[in-house]
Amino acid sequence: MGQSPPRPFGPLLRAHRHTAGLTLDELSAASGVTARAVGDMERGHSRGPQARTVQALADALRLDPAARDALLAAARAGRRRTVPGGLCALPMGTPDFAGRTEELRVLREGIGGADGGVVLVVHGAPGLGKTALVAQAAREVSARHTGGCLFLDLRGLDPEPLTPYDAQARLLRALGVSDGDLPTGADDRAALYRATVDAADVLLVLDNAADASQVLPLLPTPGTGPVWVTSRRALTALPAARRLLLTPLPTETATHLLAEITAGRTTAPPYGDALALAGEGLGGGLPPVEGTSRGDSPADLRSPVEPGAGADLASPVEPGAGADLSSPAEAASPGSPTRGGEPTRGGEPTRSGDPTPGVEPTPGADPTRDVELSPGGEPAPTLAPGAVPASGADPSPGVPAAPRTQPAPGPAPVPALGDDDVDPGDPGDPEERAALARIAELCGGLPLALRIAGNRLVTRPGWTASALADLLAAEDHRLARLTAGDLAVRSAFRLSYEQLTDPARALFRRLALVTGADFTPVLGAVLTGSPLERVEELTDELVELGLLGHDAAGRASFHDLLRLYARRTLEAEETPEARRAAEATLRAWLLRTARTAGRRFEPGEDTRPADSDPLVDVGDRNAAQLWLREEHTHWLTALREAAAAGEHATVVDVAESMHWFSDRWPFWGHWHEVFALSRDAARALGDLTAEATHANYLSWAHFHCRHDPATGAGLALEAAALAERAGDTEQEAWAYTYAAHTAVTLARYEPAVTYARRAAALFEAEGSREGLPTALVTLARSLRSIGRYEEAVDTLDRLLALLADPATAPAPHIADYSTMNALCGKALALLELRRWDDARRAAERALEVDVRVGVPVLRGQALLCRARSLAGLGQRADALTAAREALEAARIAGHTTQRAEAEELIARWEPSTT
């Protein structure tokens, strides 16, 4: 005979209280459990309180061990009740869930330790798989709780999200409270909810929360049970909550997810990508013009659903658009050339360190292009000229049909696959795997997009992965093609967009005009004309809703698909005139600010007031350098656009302002492009002097920045001829200076000496205090290259005298740099002459000047000269110290030649450890 079930907890507790002769208030005082909670337990509203609560009641009632055990058993039985079918149950699982290893670990461990009552907010952009992740984790850990898991969709993206009052009712029903026992008063219902959920041993999952105010009334007493919340917002107003930000899947994981979704799919005969794509849409096996597609069957490819559609899908979705069906990310940035301390143009310092490659912006698609869409959201299909549509189909508009007497060709026979054959749809096929990886990249690692792409392959046997990748590569139609049935990336994005205030929507749209990978709110202020403080608030709103990402430095960024959505929304909601005006405003502001920042590096400009701009401070060289480096992608793009628009004078003006700054950032990687644009713009203006000047800058960029002396030499001689025609002696002198540098590098030493002497004579005739030091350093280097060391020393002594005389010295910062450069060159020549002590004195004088110059590459050269001279004097320990200091300077400068030399000296001089 089976054991009878325990007596219900409520009546049993009431009986014990009556036996003890206690009132509710007295039992409350003795146990520390509130009188309301005791009453709820006795009435059956709270059927399974936690063990510690029962122990406190048993102590207050002074129960014997048997009665205590019976009371605990009754509480356990009350907690074991199952959630009524369909009430707050977990959504169906995703069998091909992939990735999110670290995120799953965080969720599991968040409820496995002592802090089991943690509130954890899983947040991120639309389509990242928030719902799928928490549902997957909940299925894994719900067995730890006697009451299992309660899952409630708060419908935060609906026009009217679920109210806390109604949410409490749904959760109370799931916890076993009948409709008749539900209080109608808000306070009474909240009190009953809190007592009931505190007593229940459940994992509470609140999905798709609108904001913190919706979630707060649903939280149990802190420490009583775990709560997971998903939202597109970070819900920063939730107290003491932990947060887990989801990011897109890395390519490898995204590719694995696609392979899982498409595993085992059947494929039609492999006619080739275009042929397979054509046949699927037209009912036959005929190719359209490459790059077009067919209308999809309404049965499997419908237009994106309106908000709320797809709520009853079998797979776990992010509410409102069938979003987040899979998991998101698995894991939880001129002058003359300088060679070995040689000069830069005008004697201005060259900073060799911190190379920062530029980021090429992706050209935007034509926003005015009209595309006729088929019912499935695809571009209307067309056929190749002469192609015949499938039987019963009409030819595409504008394409003449073949004669009716010509039979439509049928599909070729399908050969059986042999042991060595590979199914073209098999993810194990290297080509298929590579195509899946390409699709993953085009989807930006967004799980919703990956799910849609995978579903389209599964339901279209005639498609290959490479063909779908080709379709998705077209930015103009990518969002439309990421639609399958009730799933649509565009719909998921639209739900978030509709949550925004009007000013935030305007900012979101306008930010699509920014081409760089990331940006600051300043560009938003330029684009919208709003105050910066207001734009910062609106940017926070976009970040909070997952429409923008952000980093620790405060820079925001778009996911690729969100950028496309923002661009399409801009095209749909703003006129072409408004878009062009915004683009022109942004370009003008970027170029104006770049020009102002660049001019801070001209001699004497650092002490003059800068043009005032309320949005950005470039008032000193440090601030100007920071802005130019951080915003280089944006102002370079603006310069390209200005050149394409024929704004030649602006291009020349901006590039000229970068003349001195470029020496400080020689390894940026784009100076050759900047000065090529300005050289061409000067030519278009018919300004020979400007053309010669910018040809000189371009020569410097090719030689010093791109390490291409041959191109640099040709440009230098071109600049010399232009300057001579223009009658510009100074630019002609600079051209021969650059020609000398390139000639030395090309081992054309005698021409190098000739060019350098010509440059020095021209500078001297012109009275150029800034140019003459560079020409003399270049001449000395040329003489040293052919072994004429004494002449090199004499040339540099002459230069040092000119620099020390106020009557002939250039601006102080150029004089200091040129002095250090000359002393380094002199030390090098003296080392060749084995005049060790003279070389040491020259190197140490250079290091004294370094305090004011602060150029790592020159410091490294001076230290290497000091190290070699000390070694020549027999002071090996001091030489080793200097070599180690030189190595550190070379590392800072990023100068590989100096670094290799320092490492060789250290290895030679360090004491042996054996």
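Hi everyone. Before we start, one definition: when I talk about helix axes, I mean lines fitted to C-alpha atoms over the stretch in contact, with angles running from 0 to 180 degrees between N-to-C directions. Please also keep in mind that this is a predicted model.

Let's begin with a pair of helices. Helix 33 covers residues 812-832 and helix 34 covers residues 836-853, and they pack at an angle of about 160° with their axes 8 Å apart. Angles over 145 degrees count as roughly antiparallel, so helix 33 is roughly antiparallel to helix 34. Their crossing is left-handed.

Who makes the contact? On the helix 33 side, the residues include Tyr817, Met820, Leu823, Cys824 and Leu831. Helix 34 contributes, among them, Trp836, Ala839, Arg845, Val849 and Val853. Sorted by class, the contact between the two helices has 14 nonpolar, one polar and five charged residues.

You may have spotted Cys824 in that contact. How many disulfides does a search of the whole structure find? The search finds zero. For cysteine 824, the nearest cysteine sulfur is that of cysteine 865, 6.0 Å away. A disulfide needs the two sulfur atoms within 2.5 Å, so cysteine 824 is in no disulfide. Turn it around, and cysteine 865 has the sulfur of cysteine 824 as its nearest, again at 6.0 Å. Are these two cysteines buried or exposed? Cysteine 824 counts as buried because its relative accessibility is 2%, and cysteine 865 counts as buried at 1%.

Next, please scroll back to helix 29, residues 729-745, where you will find threonine 742. Threonine 742 has 1% relative accessibility, so it counts as buried. What is threonine 742 in contact with, leaving aside its neighbours within four places in sequence? The answer is Phe703, Pro709, Gly712 and Ala713.

Just past that helix, in the loop between helix 29 and helix 30 (749-766), sits alanine 747. I'd like you to look at its backbone. Most residues other than glycine have a negative phi. Alanine 747, however, has a positive phi, near 65°. With 47% relative accessibility, alanine 747 counts as partly exposed.

There is another example to visit, leucine 235. This residue is not a glycine either, and its phi is positive at about 50°. Leucine 235 lies in the loop between strand 4 (227-231) and strand 5 (242-245). Is leucine 235 buried or exposed? Leucine 235 is buried, with a relative accessible area of 2%.

That's my tour. Thanks for listening!

Key
Residues are numbered from 1 along each chain as its sequence is written. This is a predicted model: local features need pLDDT of at least 70, side-chain atom pairs count only at pLDDT 80 or more; totals for chains, interfaces and linings use all residues. Side-chain values use heavy atoms; hydrogens and water are left out. Buried means under 20% relative accessible area, exposed over 50%, partly exposed in between (1.4 Å probe, protein chains only). Helices (H or I, at least four residues) and strands (E, at least two) are DSSP runs, numbered from the N terminus. Angles under 35 degrees count as roughly parallel, over 145 as roughly antiparallel, 65 to 115 as roughly perpendicular and the rest as oblique. A crossing is left-handed if the near helix is turned anticlockwise from the far one by less than a right angle, and right-handed if clockwise. Contact means heavy atoms within 4.5 Å. Ala, Val, Leu, Ile, Met, Phe, Trp, Tyr, Cys and Pro count as nonpolar, Asp, Glu, Lys and Arg as charged, and the others, Gly among them, as polar.
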